[in-house]
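Visitor: I would like to look around this model with you. Could you show me how each term is decided as we go?

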Amino acid sequence: MEGDVAARRMSLHGRDLVSIRDLSREEIVSVLDSARKMIPFAEGRPSTALAGRIVAMAFFEPSTRTRLSFESAVHRLGGSCLTIADAGATSLRKGESLYDTIRMLSSYADAIVLRHPHEGAARLAARASDRPVINAGDGAGQHPTQTLLDLAMIRERFGTLAGLKVVLLGDLKYGRTVHSLAYALAEFGSEIILASPEALRLPEEHREDLKHLGAKLRDEPDLDKAVRQADVLYVTRIQKERFADESEYRAVAGSYRIDAHTLREAKPELIVMHPLPRAGEIASDVDTTPHAAYFRQAFLAVPVRMALLQAILGPGRRRG
Ligand code: NCD
């Protein structure tokens, strides 16, 4: 279901979330404000905000945090979930198209959260569904709800999303979390510093789009230099599953790693973030430093997804 522009400006009620660019700056801030108020509910205070509502979790690619934090968010708000956690157990195995699967699901649930290995799958699903579709990651495309929680983490620590220096480290070619986050950082006016192995550079089309938005964007191949300047160091996993061939992956595997020593000249207020799972990019000796923010970031997934689901599904202004 794709909302019209007028409804977009008014409310998130009944809308899809496919790309972070579907949300205005004001809408992002409003979700983050509600997320802050949701924290006690994410920690266990009972709520019935989604009582009687059903949210389908359609996960066609592995996930731990994203699916479980969405499910936790629904349950904490008194709603219930229908979950596909193993694509192999569905009729896709029998040759059913994604379009048909989503169309059917949209008659069983009030909203659909979709993760899929193909870029563009969430946009297709939004067309197939007459209920809101939330993109929980489409291939190397977008991961807008991860961006919302990333922004919540940054704002909780710095009180702002503007004027910060954010280093994006790692797989900037295939990483959907950075593809989403970079747009939001550009919108809010933070500086984006790109640190990646040459083979995993941020693709040209994203660079051009970001520059078009007026992003402050630059490359910093020297990791020590990048770390010294950073307010936020956003580390990512090499997206092994997206490489066309294994030797291409092996050539870059293990090419960067953050440990307590790497952070020796960092600003005291630097936070290290990671969407997780980590696969060796951040050594465990960082966990006990005041820089480590990734576990708090993972917790914030719940109140942020609660706030988003409530805005999309809860009582609110109707479309049209
Ligand atoms: C990320 C993803 O799936 O894109 N994980 C997540 O949602 N927390 C990052 C990754 O898998 O590396």
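**The ligand and its loop**

Guide: Gladly: a backbone N or O atom of proline 275 lies 2.9 Å from a nitrogen atom of the ligand. This is a predicted model, where local features need pLDDT of at least 70, side-chain atom pairs count only at pLDDT 80 or more, and totals for chains, interfaces and linings use all residues. Residues are numbered from 1 along each chain as its sequence is written, and side-chain values use heavy atoms, without hydrogens and water.

Visitor: What makes the 2.9 Å pair at proline 275 a polar contact?

Guide: A polar contact is a pair of N or O atoms within 3.5 Å, so the proline 275 pair at 2.9 Å counts. Leucine 276 also has a backbone N or O atom 3.0 Å from a ligand nitrogen. In the side chain of histidine 143, an N or O atom is 2.8 Å from a ligand oxygen.

Visitor: How do you know how much of the ligand the protein buries?

Guide: Alone, the ligand exposes 310 Å², and the protein buries 94% of that, by the Shrake-Rupley method with a 1.4 Å probe.

Visitor: Why are residues of the shell around the ligand called nonpolar, polar or charged?

Guide: Pro and Leu are among the types that count as nonpolar, Arg is one of the charged ones, and types outside both lists count as polar. The shell has three nonpolar, five polar and three charged residues. Among the residues surrounding the ligand are Thr66, Arg115, Gln146 and Pro277, each with a heavy atom within 4 Å of it.

Visitor: What makes leucine 276 stand out in its phi?

Guide: Most residues other than glycine have a negative phi, and most peptide bonds are trans. Phi of leucine 276 is near 65°, a positive value, and the peptide bond from leucine 276 to proline 277 is cis, with omega near 5°. Proline 277 lies in the loop between β9 (271–273) and α11 (294–313), with helices (H or I, at least four residues) and strands (E, at least two) taken as DSSP runs numbered from the N terminus.

Terms used
A polar contact is a pair of N or O atoms within 3.5 Å; within protein, one must be able to donate a hydrogen and the other to accept it, and residues adjacent in sequence count only if both atoms are side-chain atoms.
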